[in-house]
Amino acid sequence: LINTLDSALHMFKAESRLGRVYPPSVWSTAAVPWLNLPGGNPYEHMPPPGNYSFTLAYGAHTLIWALAGADLMGTPGFAPGVGEDLGDLYNPARDPLARRYGPFVDVSKIAIKALEKTSFNTQSFPGQSDTELPVFVDAFDMPILYYRADIAWIGVNIDRIYSRTDNEPFTAPMNQTDFFNKIRDDRDFAGERVHNQDSFLLISAGPDKNYVGDASPHIGWIDNIANFPISSPQ
């Protein structure tokens, strides 16, 4: 599954009409109106919680939007700016051709599940919606986490290339330092760098169904599955 999603993300980037960039791994959006689409649209009715004017779709959620689309019939891509109404991306009045790209994966062969962002911990985060959003799930019925590299930090601040908060509801209470230590490339020839520092990370929780680890300082990554080598805890 990791290999399938890895290849699909490269295909997404290769589509010139999608900007030749990897999809974002966190997305601030406006509320989404009712959409009468085949199969329904799980991104509809995402009201901003509390006094916040935005909602957040995290990496596990943006991954399925990018590779399959909200209704699994292809993606419209991503809005160019924060606050864009997700519904407009599927709005035939705005785009008479209702353009779709992909799907970049065969959704009939990948398990998909709708779950609340709070399913894995009880912490509350600014802008977090309780709306059930679809995710790709692994053989252990756990979401595949996706992180896009921020290449602007290469050679500047190595621990900012990837942000733990891109999948925060799934990975709390891990802090940024813990996360950096897990994704750092410790091979002798690598120098000071993280794995896949110019692309993306995909992470499955593994057999223990735990992304973080079950004891401080979160040492349980050894059974995780990813598109980069998982090394033994330090």
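**Helix packing and sheet layout in a predicted model**

User: At roughly what angle do the axes of helix 1 and helix 2 cross?

Analyst: This is a predicted model, and in it the axes of helix 1 (residues 2–14) and helix 2 come within 10 Å. Two packed helices are described by the angle between their axes and the distance between the axes. The crossing angle here is roughly 60°.

User: Is helix 1 parallel or oblique to helix 2?

Analyst: The axes cross at roughly 60°. Angles from 65 to 115 degrees would count as roughly perpendicular, and those under 35 as roughly parallel. The crossing fits neither range, so helix 1 is, relative to helix 2, oblique.

User: Which residues of helix 2 make the contact with helix 1?

Analyst: Helix 1 passes helix 2 in a left-handed crossing. From helix 1, the contact uses Leu-5, Ala-8, Leu-9 and Phe-12. Helix 2 answers with Leu-63, Ala-66 and Leu-67.

User: Which strands stand at the edges of the open sheet?

Analyst: Three strands make up this open sheet, in the order 5-6-7, with antiparallel pairing. Each edge strand has a single partner strand, so one side of it is left without a neighbour in the sheet. The edges are strand 5 (145–148) and strand 7 (225–226).

User: Which strands of that sheet does helix 2 touch?

Analyst: Helix 2 (residues 59–67) packs on the sheet. Its direction makes about 85° with that of strand 5. The strands touched are strand 5 and strand 6.

User: Which residue in strand 6 does Arg-148 stand opposite?

Analyst: Strand 5 and strand 6 (residues 200–204) run antiparallel, and four bridges join them. Arg-148 falls within strand 5 (145–148). Its opposite in strand 6 is Phe-200.

User: Is Trp-27 buried or exposed?

Analyst: Trp-27 lies in strand 1 (residues 26–29). Its relative accessibility is 6%, and the cut-off for burial is under 20%. Trp-27 therefore counts as buried.

User: How far apart are the C-alpha atoms of Trp-27 and Ala-57?

Analyst: Along the chain, Trp-27 and Ala-57 are 30 residues apart. In space, their C-alpha atoms are separated by 5.2 Å.

User: How many helices and strands does the protein chain have?

Analyst: Read along the sequence, the pattern goes α-β-β-α-β-β-β-α-α-β-β. Of the 234 residues, 49% count as buried. The tally is four helices and seven strands.

Terms used: Residues are numbered from 1 along each chain as its sequence is written. This is a predicted model: local features need pLDDT of at least 70, side-chain atom pairs count only at pLDDT 80 or more; totals for chains, interfaces and linings use all residues. Side-chain values use heavy atoms; hydrogens and water are left out. Helices (H or I, at least four residues) and strands (E, at least two) are DSSP runs, numbered from the N terminus. Buried means under 20% relative accessible area, exposed over 50%, partly exposed in between (1.4 Å probe, protein chains only). Two strands pair if DSSP finds at least two bridges between them. Contact means heavy atoms within 4.5 Å. Axes are lines fitted to C-alpha atoms, for helices over the stretch in contact, and angles run from 0 to 180 degrees between N-to-C directions. Angles under 35 degrees count as roughly parallel, over 145 as roughly antiparallel, 65 to 115 as roughly perpendicular and the rest as oblique. A crossing is left-handed if the near helix is turned anticlockwise from the far one by less than a right angle, and right-handed if clockwise.
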